Amino acid sequence: MSGQPYRREGATGRVLRFRFDGQEYEGLEGDTLASALLANGVRAVASSIRLGRPRGVYAAGCEEPNALVQIEEPFPEPMLQATTVELYDGLVATGLPGQGRLADRPDPARYDAVHAHCDVLVVGAGPAGIAAAGVAARAGARVILADERPEPGGSLLGTAETLDGRPGREWAAGEVAALAALPEARVLGRTTVLGHYDDNYVIAVERRTNHLGAAAPAEMARERVWRIRAKRVVLATGGHERFVAFAGNDLPGVMLAGAARTYANRHRVLPGRRAVVFTTNDSAYAAALDLADAGVEIAAIADVRQAPGEAWAARCAERGIEVLTGHVVTAARGEGEVSSVETAPRSKTQGAGGETREIPADLLLVSGGWSPVVHLFSQSGGTLRYDEGLGAFTPGEARQAVEAAGFARGVTTLRGCLEDGAEAGRRALSAAGLAVPSEIAVPAVGEEPPAAPAEHLWLVESGDYGTHFVDLQRDVTVGEVLRAVGAGLSSVEHVKRYTTAGTAHDQGKTSGLLTSGVVAHALGVEVAELGTTTFRAPYTPVSFAALAGRDRGPLHDPVRVTAMHEWHVARGALFENVGQWKRPWYYPRPGEDPGEDMEAAVLRECRAAREDVAAMDASTLGKIDVVGPDAAVFLDRLYTNMMSTLRAGSIRYGVMCRADGMVFDDGTVIRLADDRFLVTTTTGNAAAVLDWMEEWLQTEWPDLRVHCTSVTEQWATVALVGPRSREVLARLAPGLAVDNDSFPFMTWRDTEVAGIEARVCRISFSGELAYEINVSSWSGLALWEAVMASGEVTPYGTETMHVLRAEKGFPIVGQDTDGTVTPQDLGMEWIVSKKKADFVGKRSFARADTSRPDRKHLVGLLPEDPGVLLPEGAHLVATSSLPEPPVPTLGFVTSSYRSAALGRTFALALVSGGRERAGERLYAPVGADLVPVTVTSHVLYDPEGARRDG
Amino acid sequence: MAERRSPAAAFAARFEAASAGGGPRLAEIPFLTQIDLRVDPKSPAAERIGTAIGVPLPLEPGTAVRGGDLTVLWLGPDEWLLLGPDGAAPGLVERLTEAAAGEPVSVVDVSAQRTTLVVAGERARDVLAHGCALDLHPRVFGPGRCAQTTLARAGVVLVAGEDGFRMLVRSSFAAYVAEWLLDASLEYVTPPAGEAAPA
Amino acid sequence: MLLIPCPWCGPRDEAEFHYGGQAHVAYPEDPAALSDEEWARYLFFRDNPKGLFAERWSHTAGCRRWFNAVRDTATNEIHAVYRVGEPRPVIA
Ligand SMILES: [Zn+2]
């Protein structure tokens, strides 16, 4: 292992090659990028975001604040922690200066999501989690055990403990493999639970192929979001070690003691050669001894306490390790990395006497105590309480069916965690209504020395707090926290926002409580009183690609298509999105390269509809069957106009308003029989209108005997438009009498069109003679092809439809209205019944607001230059030059087109008091200019309605 | 009669190819008869309808019953969907209307409103779980259960059978759902020889 | 993502439902008889309590039924669901 100078003897595993900051290295299978870098003696991994200070590996898991890297190959991914990146052959990474770079190319990997359900979700496969999951799963419960690491074991991975005589790591692997074999259990490794929401809805992300690098199979989703609904959740999330604020506590070579232990035991890597240990509690002794056994020279242990655990002191004495009781580390020193550590008696830092000592060392292990990982418990709505013994917050009262187990709720011994987990498993069983086994065997573990109480020290006092870091990732120092407190901030939430401590993408896992501790210290209050900042999802950063999952590209949103869609595509139509529908926008004429532009195509299509014959796929309109003896009464209450007087066989246009009197939807109502209507809605509102009908029927008028059924996609619809439409229809429907007397305007007939059973409605949305032919959507394509077969019918799209209706002043709900427009505003007083006692919206027409003279009315606008097209949305002003802001606006353009029939441009607009302004000149911005326009009636073409009968 | 085309007709070959690879079996059953029935379950009409179609309307939410070549799905407390073979709609509408005998019952032919997709085989549940939030465990959603719910971003009527699921999908959504199913199945389909299998 | 117990279909994800605001706000018997202020109160004014709130939901992606729920707006816990027309249950 000459290439890996800090690798311990006896390390096994396949050799992997990787590149970091341009340098080639070797690591071993099972390494993280962090352990591989440490094995190669790489101390400075990244640099800090504000101060540009060198930073090294600080932790061994997702709490890492320092070692931020960017993966460059096989695909660029920014802001990863070297401690959670699994090493693979060919990995190329660089250290980051606190910020990464987004990929400059599309991510070729697949991502997906999956829903899962279980009786109990156990988060964390450490000793408590394995025990809980084992008890529940063996008794038949549906169990999901999720753990963020590549292998189970949790804290056991970093220690040298044995269970039932087996090394912890081996025990965990065996237990979890047995669990995974049970039919109702699911083990999710490399899976981080990110969020804990209402009703035990839990989001986790599984990293499935990230660790395979370029060897990842292309068809396999790289990351998978798990959406888990759990009847009960056991949070066996363990703890994170904290550091202490002292001078230079960010230097490479300063490391959490537990992390160093993990590197030595799990990865067989020595994080340094000569170490000083700085601790407030017993746990660092186990780390120190493990490292000493692995070959690290422990120069001294500075323990803030006067009395460390006796057993530990004895073990140190055996090995000749010096223990400085009642001491602190006042500074870590070195050029770019630790080369010496300054210690002092604790009294010295508080102004009293005592000698400081400079100890040469390349490693400083720090333990400021351990904090239970309470993030998910807090997210789930549980309260937290401060545990004086631990010096940390632990779960209090739960709001949901969730409990913490093991160290996550402050249990500190291995045996205690195993027993606690088993108990949680039993409670999960009884909650799921399953039989609870009476005896549960807990594996035998070695005796642990009784723990001496920890002493909670947040801060080593000093005259200069410039390099006492509180939040390493945000480069926040004690100096800044004190400034915030000095500025009068006394809440940790405020200090967090003022200093940014805890807001980096590690979300303050190592720094949150430390910040609280320093603030409490400065204010002279207890941490318990001060509390902690709010824990929010996600627990660890998550890629947007994973959250998007399968919902991208063509599957980003459903694309709804009609039965004729394939024809439109083949004919080269361009499409417009209308809600989720793809509707043909216009059909550029083929043959010419690059084909007609939109303007030419639309003028041609408009001309065909007004002068010849044209057809449009109108299948997307919403259609609702309204059936029952009270159907007519019901429609009278929902539409502003009268529907009960409509005769079977006839059709009427109608408008619906909300109770506030604003236009909600419009369409035609076809009376099929006394007790049966077919209502059409606008394309975008089909579902909303059906919901609206159901709401009134179910919640206000349950006495009405009416049922509403959507038939939007039962029918395909072809609009056949133009002076020659009658002639074309007559040929396609030889059995139908098409003359005006036999088949008058606003009536319908059942017949066969092109041999297909059809319902033909004589309605017009263009002012021209027109028909709408409805057939089963299975036959929609056949009908369309039959209409197009002779080649004399011009297909037209939504743009032409819009121009034709706008020329006639027909508004489009949602384009010319916006939820603040009444029928009267649209110039449709005539559609509001005076005879009906009530209908939805009627009372609002008597409100002062709906009769204000300055309400916006729908009007036509003619630009004085007939070639100028006004932009839709343009605001209208009264003056030819803009006054000082705020500029009073009179209204805005809602629709604007070039008209073949008018030979000029025109627009519709909502204009304050618009109807009284006919003939007035207003101005609209077009680019940098204000162009003059004349207000006119909104009906610009065929105002007499002479064309509809052909 | 002019040629009919079902909403997922264009996917036949891709469904077949995906089904051949050991993944879920995907297929469209086109042109099934579907009748939406609204009736007060406590009315005599409901009882007469049960007699007329040979099976009582299921009253337990989320259940489906079979009678002859008909399957009756509970859609709501006063709503059912009757599924039958191609071409049965006119006769069925007539039978239902007759049985209603003037009571306020709504019978609407919605055969072309939705098409029927099959998601069957061993991995059917796995594939659907990628987009369906319901618990599809056989103890919870086994044969005889049905549900209106969503798959990915489309509304569906899901019917559990012995060997998988039938899924009724709005015709305009059929292509989206078909593409989604093919994409979600990809991981479960054995790659053609020569390509690496997932680790 | 709440898990909302539809009185008919059982518990389903919140995404299957539409929210309908405060329950027990009936459409006035005779709107024409109301003053502008009374009508405006019906149109625009709703309670917004912290704590228990009776509200309307519709299971739009499922059985399409409207129903009422008593939800604690502070904890999101749904204490009861009941059908339209039924009185608001008393929550202890
Ligand atoms: Zn429901």
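This passage walks through a zinc site, a sheet, some strands and some aromatic pairs in a predicted model.

The zinc ion is a handy place to start. Its protein donors are three sulfur atoms and one nitrogen, namely SG of C6(C), C9(C) and C63(C) plus ND1 of H59(C), and they lie 2.0 to 2.4 Å from the metal. The angles subtended by the four donor atoms run from 104 to 119 degrees, so the arrangement comes out as tetrahedral. Along the sequence, the donor residues follow the spacing C-x2-C-x49-H-x3-C. The site thereby ties together distant parts of chain C: C9(C) belongs to the loop between β1 (3-6) and β2 (10-13), C63(C) belongs to the loop between β4 (52-58) and β5 (66-72), and the two are 54 residues apart. Burial separates these two cysteines as well. C63(C) has a relative accessible area of 0% and is therefore buried, whereas C9(C), at 21%, counts as partly exposed. The cut-off for buried is under 20%.

Two of the strands just mentioned, β4 and β5, also belong to an open sheet of chain C, in which four strands follow the order β3-β4-β5-β6 with antiparallel pairing. At the edges sit β3 (18-22) and β6 (78-83), each of which pairs on one side only. On average, neighbouring strands here are turned by 30 degrees against each other, with direction ignored. In the middle of the order, β4(C) and β5(C) run antiparallel and are joined by seven bridges. One residue pair to look at is W57(C), whose bridge partner in β5(C) is F67(C).

This sheet also meets chain A. Helix α18 (residues 686-699) of chain A lies across β3, β4 and β5 of chain C, and its angle to β5(C) is about 85 degrees. The helix carries two tryptophans, W692(A) and W696(A), and because they are four residues apart in α18, about one helical turn separates them. Both are tucked away: W692(A) is buried with a relative accessible area of 7%, and W696(A) counts as buried at 5%. The two tryptophans also belong to one aromatic cluster that draws on both chains, with F634(A), F664(A), W692(A), W696(A) and W701(A) from chain A and Y27(C), W39(C) and Y42(C) from chain C.

Aromatic contacts turn up elsewhere too, with a count of 27 aromatic pairs over all chains. One of them is W567(A) with W784(A): the ring centres are 5.5 Å apart and the planes stand at 75 degrees, so the pair is edge-to-face. This pair bridges quite a stretch of sequence, with W567(A) in helix α15 (residues 565-570) of chain A, W784(A) in helix α20 (residues 780-789) of chain A, and the two positions 217 residues apart. W567(A) counts as buried at 18% relative accessibility, and W784(A) does so at 0%. The tryptophans of α18 make an edge-to-face pair as well, because the rings of W692(A) and W696(A) have their centres 5.5 Å apart and their planes at 85 degrees.

Helix α20(A), home of W784(A), is mostly covered, with seven of its 10 residues buried. The buried set consists of G780(A), L781(A), A782(A), L783(A), W784(A), V787(A) and M788(A). Just after the helix, G791(A) adopts a positive phi of about 80 degrees.

Several strands of chain A are covered too. In strand β42 (residues 770-776) of chain A, six of the seven residues are buried, so the rest of the structure largely encloses it. Strand β39 (residues 715-721) of chain A pairs with β42(A) in the antiparallel sense over seven bridges, and W715(A) has S776(A) as its bridge partner in β42(A). Strand β41 (residues 756-761) of chain A also runs antiparallel to β42(A), this time with three bridges. Here V760(A) finds its bridge partner in I773(A) of β42(A).

Strand β38 (residues 707-710) of chain A is covered on both faces, with H707(A) and T709(A) buried on one side and C708(A) and S710(A) buried on the other. Four bridges link β38(A) in the antiparallel sense to strand β34 (residues 622-627) of chain A. Within that pairing, D625(A) has T709(A) as its bridge partner in β38(A).

Notes:
Residues numbered from 1 in each chain as written. Chains lettered and ligands numbered in written order. Predicted model: local features only at pLDDT ≥ 70, side-chain atom pairs only at ≥ 80, totals over all residues. Heavy atoms only, no water. Donors = N, O, S within 2.8 Å, 3.2 Å for Na, K, Ca; no water. Tetrahedral: all angles 85-135°; square planar, octahedral: opposite > 155°, others 65-115°. Buried < 20%, exposed > 50% of the residue type's maximum accessible area, 1.4 Å probe, protein only. Pairing = 2+ DSSP bridges. Axes fitted to C-alpha atoms, helices over the stretch in contact; angles between N-to-C directions. Contact = heavy atoms within 4.5 Å. Phe/Tyr/Trp six-rings, centres within 6.5 Å; stacked < 30°, edge-to-face > 60°.
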